[in-house]
Amino acid sequence: MCNLYSLTSAQSAITDLVKLWRDDTGNLPPLTGIYPDYPAPVITQTPQGRVMQMMRWGMPSPAFVIKGKKTDKGVTNVRNTSSPHWRRWLGPAHRCLVPFTSFSEYQIVKGEKPKTIWFAPTGEQQTLFFAGIWTEWTSVRKLKEGETTNSLFGFLTVEPNGVVGPIHPKAMPVILRSREAITHWLEAPTEEALKLQRTFPDEGLEVVEGPV
């Protein structure tokens, strides 16, 4: 489960890659540690064009997960897209891009403290995108906040590739690189868009010493 990533590229680089119509995020500093429930830049498709805005990381949890609980911290990673809970947000209106420059997974070794391992893109293009979904939702994220309405996001996961798998064998995020894949995820019919829920090539990622 990817629960920590970074975004340190210039906003102009993101604008060029996705052809933003509007950027509502303001002057973003380098984000070296984005954790669950943190605000982060997310790109959506509107009738006018692509918009980048801040959203909180963590989609609404299924009802059985929060039964008897006072808060819903949200679901960061989505694997089972056939679930009725997630299907409602798989249409173009609720798909999004989550820009990143590196992401991490925990390496679990029996008898040792979990170690954070970072992965970053290879090649010249250092900003890639998670294939995400988003929604506006009213819930209690934290007791001290009470009930709030937020724009929330999460991203899809898939079988890990040969780089991530040895560290985290369960899953890795769905990653998009090309302009064609970006457009397809935001605009294609659901059945076609979900074909992008596939493992990223081994040669596209490498292990790095920390967030980049």
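**Close-ups of a predicted model**

**View 1. Thr138 and the residues it touches.** Leaving aside residues up to four places away in sequence, Thr138 touches Glu147, Thr148 and Thr149. What you're looking at is a predicted model. With Thr149 there is also a polar contact, side chain to side chain, at 2.6 Å. Thr138 itself sits in strand 10, which covers residues 128–140.

**View 2. How open to the outside is Thr138?** Thr138 has a relative accessible area of 41%, so it counts as partly exposed. Now look along the chain to Leu156, 18 residues from Thr138: the C-alpha atoms of these two are separated by 22 Å.

**View 3. Thr76, a threonine in a loop.** Here the chain runs from helix 2 (63–66) to strand 6 (77–78), and Thr76 lies in the loop between them. Is Thr76 buried or exposed? Its relative accessibility is 7%, under the 20% cut-off, so Thr76 counts as buried. The Thr76 side chain makes a polar contact with the side chain of Asn3, at 2.6 Å.

**View 4. An open sheet of 5 strands.** Read across, the order is 3-1-8-9-14, with antiparallel pairing. Strand 3 (31–34) and strand 14 (205–208) are the edges; each has a single partner strand, so one side of each has no neighbour in the sheet. From one strand to the next, the twist averages 30°.

**View 5. Strand 1 beside strand 8.** Zooming in on this sheet, residues 5–7 (strand 1) pair with residues 102–107 (strand 8) over 2 bridges, in the antiparallel sense. Which residue of strand 8 stands opposite Tyr5? That's Phe103.

Note on methods
Residues numbered from 1 in each chain as written. Predicted model: local features only at pLDDT ≥ 70, side-chain atom pairs only at ≥ 80, totals over all residues. Heavy atoms only, no water. Helix = DSSP H or I, 4+ residues; strand = E, 2+ residues; numbered from the N terminus. Buried < 20%, exposed > 50% of the residue type's maximum accessible area, 1.4 Å probe, protein only. Contact = heavy atoms within 4.5 Å. Polar contact = N/O pair within 3.5 Å; in protein donor to acceptor, adjacent residues only side chain to side chain. Pairing = 2+ DSSP bridges. Axes fitted to C-alpha atoms, helices over the stretch in contact; angles between N-to-C directions.
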